[in-house]
Amino acid sequence: MSCAGVSAAPSLWRLRMGARWPLSACGRRISVRPRSSGTTLDDVSRAAVDRIIRVDHAGEYGANRIYAGQMAILGRTSVGPVIQKMWDQEKDHLKKFNELVVAFRVRPTVLMPFWNVVGFALGAGTALLGKEGAMACTVAVEESIAHHYNNQIRTLMEEDLERHQELLQVIKQFRDEELEHHDLGLEHDAELVGA
Ligand SMILES: [Fe+2]
Ligand SMILES: [Fe+2]
């Protein structure tokens, strides 16, 4: 791929963000703020954003697989539409992180095949306990993800609020939707599992 092709996506992203990303040369960042360690503030920022996008991409993929597993067992029951609604939002979350992986040229985790199998097994396995089991799984997973997103929001705000504004908006929206899933789980008897 040409230099222009390689850098087009992140350049568009920078324009949309209106942020102060440094110049790049054929996809390579030009470091302008040397630190005593030999790394730069921009290297640190870039590494943090890379890590966040990689982890969230994997997390949203895993969430999709969990809901796929739940739907395989409970899709035709009374909670099928509730699970489908949450799964549809997870599909949107994954779509967005698929876009961000490309825009930021982040290497996805090598554990994707693992999350594929484990996510589905977790969703299907808890759904086999009944709708209460599936909803208890949803509550636990979504609570953990919302907590994780809150930590990332704090990190990005402390690092550079203006620069990370668009990524922050994405994560805040998804955090709110994960909390809605958490509450839906409670409304559909998650706490009755094993009762
Ligand atoms: Fe999600
Ligand atoms: Fe969710």
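This report covers the annotated binding sites, the nonpolar core and selected helices of a predicted model.

## First annotated site

An unreviewed UniProt entry places a "binding site" feature at E60, E90, H93 and E178. These residues span 119 residues in sequence, yet no two of their C-alpha atoms are more than 10.5 Å apart, so they gather at one spot.

E60 belongs to helix α2, which runs over residues 41-74. A residue is buried if 20 or more other C-beta atoms lie within 10 Å of its own; E60 has 23 such neighbours and therefore counts as buried. Beyond the residues within four places in sequence, E60 is in contact with E90, H93, L94 and F97. Of these contacts of E60, E90 and H93 are also listed by UniProt for the feature.

## Second annotated site

UniProt, again in an unreviewed entry, lists E90, E142, E178 and H181 for "binding site". Their positions are spread over 92 residues of sequence but cluster in space, with a largest C-alpha distance of 11.1 Å. E90 and E178 appear in this listing and in the one that contains E60.

E142 lies in helix α5. With 24 other C-beta atoms within 10 Å, E142 is buried. Leaving aside neighbours within four places in sequence, its contacts are E178, L179, H181, H182 and G185. Among them, E178 and H181 share the annotation with E142.

E178 is part of helix α6, residues 165-187. E178 also counts as buried, because 27 C-beta neighbours fall inside 10 Å. Not counting residues up to four places away in sequence, E178 touches E142, I145, A146 and Y149.

## Nonpolar core

The largest nonpolar core contains 30 residues, and the members that touch the most others are I53, Y67, L74, I83 and A134. Helices α2, α3 (80-103), α5 (131-160) and α6 each supply at least two residues of this core.

What does I53 contact, leaving aside its neighbours within four places in sequence? I53 is in contact with F97, L100, V101, F104 and V106. F97, one of these partners of I53, is also in contact with E60 of the annotated site.

## K95 on helix α3

K95 is found in helix α3. Is K95 buried or exposed? A residue is exposed if 12 or fewer other C-beta atoms lie within 10 Å of its own; K95 has 11, so K95 is exposed. K95 and Y61 are separated by 34 residues in sequence, and their C-alpha atoms are 9.4 Å apart.

## Helix α4

Helix α4 comprises 16 residues, 112-127. At 1.5 Å a residue the helix should span 22 Å, and the distance between its end C-alpha atoms is 22 Å, which agrees.

Which residues of α4 are buried? They are W115, G119, G123, T126 and A127. Because these buried residues cover an arc of only 110° around the axis, they sit on the same side of α4. P113, F114 and V117, on the other side of α4, are exposed.

Methods
Residues numbered from 1 in each chain as written. Chains lettered and ligands numbered in written order. Predicted model: local features only at pLDDT ≥ 70, side-chain atom pairs only at ≥ 80, totals over all residues. UniProt positions renumbered as here; feature names shortened; annotations may be inferred. Helix = DSSP H or I, 4+ residues; strand = E, 2+ residues; numbered from the N terminus. Contact = placed C-beta atoms within 7 Å. Core = buried A, V, L, I, M, F, W, Y, C linked by C-beta atoms within 7 Å. Expected span 1.5 Å × (residues − 1). Arc of directions from axis to C-beta.
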